[in-house]
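Please open the structure in your viewer and keep the selection panel at hand. The stops below are meant to be taken in order.

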Amino acid sequence: MRRGRPPRVCGGGRGGYFRGRHPNFFIVGLPDAAVQEARERVRSAIRNSGCEFPVRRITVSLAPADLKKEGPAYDLPIAVAILKATGQLSPVEDKSVYLGELALDGSVRHTRGILPMVALARDRGFSPIYVPSIDAREGALVQGAEVLPVDTLGGLVAHLRGEASIKPFRAEDMAAASEDGAVMGPDLSDVKGQEHAKRAVEVAASGGHNLVMTGPPGSGKTLLARTLPSILPTMTTEEALEVTKIYSIAGMLPPDQPLARQRPFRSPHYTVSHVALVGGGKIPRPGEVTLAHRGVLFLDELPEFTHIALETLRQPLEDHAVTISRAQGNVTFPCSFMMVAAMNPCPCGFYSDPKRHCTCAPSLVSRYQKRISGPLLDRMDMFVEVPPLEYEKLMDKSDGEDSAAVRRRVEAAREAQRRRFKGTLIASNSEMGPAEVWEWCQVEEGAQALLQTAMKQLNLSARAFHRVLKLSRTIADLAGSERIGVAHLAEALQYRPKWVE
Ligand SMILES: Nc1ncnc2c1ncn2[C@@H]1O[C@H](COP(=O)(O)OP(=O)(O)O)[C@@H](O)[C@H]1O
Ligand SMILES: [Mg+2]
């Protein structure tokens with residue numbers, strides 16, 4: 001940084017102490033604090049890049065003036081605009097876009113949200129798009145965008161003056177780097193016994209159904225939920241891009257892994273606020289439901305979540321999108337996720353345990369279960385009990401099926417769904433609306449009677465009825481069957497809750 005510059009008076013004759021020391025530099029157009037601070041970064045970066053920072057009054061207008069501007073991505077464009085306005089760069093208008101935060105020394109730093117910004121710029125016909133080098137891989141995921149990686153403001157100036165040349169980032173450069181990483185979490189073969197629950201997890205993963213597991217502490221509920229990443233199908237390219245955009249906006253993409261490959265697995269603690277869960281804030285940020293898009297939202301110890309947190313989940317579960325309204329407009333984030341919840345049956349945890357004594361008063365047990373409201377439970381597709389594990393099962397040396405084998409079946413079932421819903425926005429059976437249920441979930445003649453009896457005896461709501469049919473569809477898909485037979489329907493009915501209705 002240059003120091004010791006002699007004070008210069010600028011503007012009118014009434015320059016006070018500060019006006020005398022610093023020329024004025026304003027940013028207008030509803031900048032937030034980070035954009036305001038761009039003034040300091042830009043000033044310093046320009047001086048440290050061998051350019052002149054003009055000693056006069058500067059006003060940067062970010063249009064449109066009524067839309068709030070947030071974050072440091074405006075640093076680089078402001079610097080380029082100042083250099084153009086002062087003749088240090090050719091002031092020719094072109095269709096270039098500049099994005100990135102500046103460090104004081106003039107280097108260009110990692111900036112959030114590069115992928116969606118590059119996608120928008122390409123859609124609006126802008127090219128080339130200058131982005132921080134570190135984020136170039138991310139930007140290059142946008143098909144057909146000419147992405148130029150910028151290391152420093154000085155480097156960019158040299159390029160724009162024709163003294164040096166920045167080469168476009170080629171998507172092929174990163175083919176090798178974006179291979180699948182190792183799957184996190186335990187393998188299904190680590191879970192002993194619990195065959196019924198394992199099957200439920202497989203069915204849920206196959207159709208994207210919501211699952212609730214109940215059982216005493218230590219029976220393996222959390223363990224089972226954590227095996228999901230290892231059996232979920234790989235994402236399609238479109239799904240991977242959707243997820244990458246979300247993580248880019250949230251600033252959660254690791255720079256060395258530009259494209260999200262693994263389905264998200266989000267497991268917020270039960271103290272999470274409802275805003276953190278569904279998203280919000282003055283400048284809206286995606287919440288856990290959106291971070292779980294195309295993956296799993298795991299709520300461990302479900303009844304411990306606050307009432308308001310659980311109630312706010314109802315709408316995103318139904319609509320697969322959350323809209324956050326703000327004075328400046330609405331933001332809609334996608335949230336197609338599969339919800340998996342685990343809970344003890346009562347506060348002490350041993351209510352359903354045949355061998356241990358539950359010490360809770362009956363009224364306490366029912367109050368505990370009622371913490372989860374009927375409307376939320378009505379949005380769950382599958383309920384499974386995870387009983388305490390017997391010693392013999394725990395010590396059983398024989399290996400159960402591993403995740404890779406289960407995943408192959410899940411992939412096959414998903415493939416059937418992809419064919420079924422080709423050309424629609426539906427990704428899995430769980431996302432079917434009433435029209436699709438009607439079209440795809442007709443049960444075989446032989447299963448009609450069972451359906452009728454179940455509907456009456458279990459006193460199913462219309463929503464629950466549709467859920468049973470969608471679940472049967474998935475079970476039939478797992479069996480490779482076009483038609484929904486008695487066995488498929490009967491298994492789906494098994495997953496209705498036994499303790500609340
Ligand atoms: N079915 C199981 N097979 C192997 N280990 C198990 C099983 N169930 C529980 N465990 C062991 O007990 C620990 C606690 O299980 P956890 O899933 O946290 O129980 P829960 O969530 O039902 O209270 C696990 O980390 C694992 O070491
Ligand atoms: Mg647990």
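What follows is a short tour of a predicted model, stop by stop.

**Stop 1: a sheet.** Select β3, β6 and β7. These three strands make an open sheet, arranged β3-β6-β7, with parallel pairing. At the edges are β3 (97-98) and β7 (147-150), each of which pairs on one side only. Now zoom in on β3 and β6 (residues 129-132), which run parallel and are joined by two bridges. Which residue of β6 stands opposite V97? Show both side chains: the residue facing V97 is I129.

**Stop 2: a helix across the sheet.** Add α5, residues 114-123. This helix lies across β3, β6 and β7, and its direction is at about 175° to that of β6.

**Stop 3: two helices packed together.** Keep α5 and add α11, residues 237-249. The two helices pack at an angle of about 115°, and their axes are 7 Å apart. To see the contact, display I114, L115, P116 and A119 on the α5 side, then L241, T244, K245, S248 and I249 on the α11 side. Sorted by class, the residues of this contact are six nonpolar, two polar and one charged.

**Stop 4: a methionine in another helix.** Move to α21 (residues 445-457) and select M455. How exposed is M455? Its relative accessibility is 29%, so M455 counts as partly exposed, the class between under 20% (buried) and over 50% (exposed). Next add L460 and F465: leaving aside residues up to four places away in sequence, M455 touches both. F465 is ten residues from M455 along the chain, and their C-alpha atoms are separated by 7.0 Å.

Definitions and conventions:
Residues are numbered from 1 along each chain as its sequence is written. Chains are lettered from A and ligands numbered from 1 in the order in which they are written. This is a predicted model: local features need pLDDT of at least 70, side-chain atom pairs count only at pLDDT 80 or more; totals for chains, interfaces and linings use all residues. Side-chain values use heavy atoms; hydrogens and water are left out. Axes are lines fitted to C-alpha atoms, for helices over the stretch in contact, and angles run from 0 to 180 degrees between N-to-C directions. Helices (H or I, at least four residues) and strands (E, at least two) are DSSP runs, numbered from the N terminus. Contact means heavy atoms within 4.5 Å. Ala, Val, Leu, Ile, Met, Phe, Trp, Tyr, Cys and Pro count as nonpolar, Asp, Glu, Lys and Arg as charged, and the others, Gly among them, as polar. Buried means under 20% relative accessible area, exposed over 50%, partly exposed in between (1.4 Å probe, protein chains only). Two strands pair if DSSP finds at least two bridges between them.
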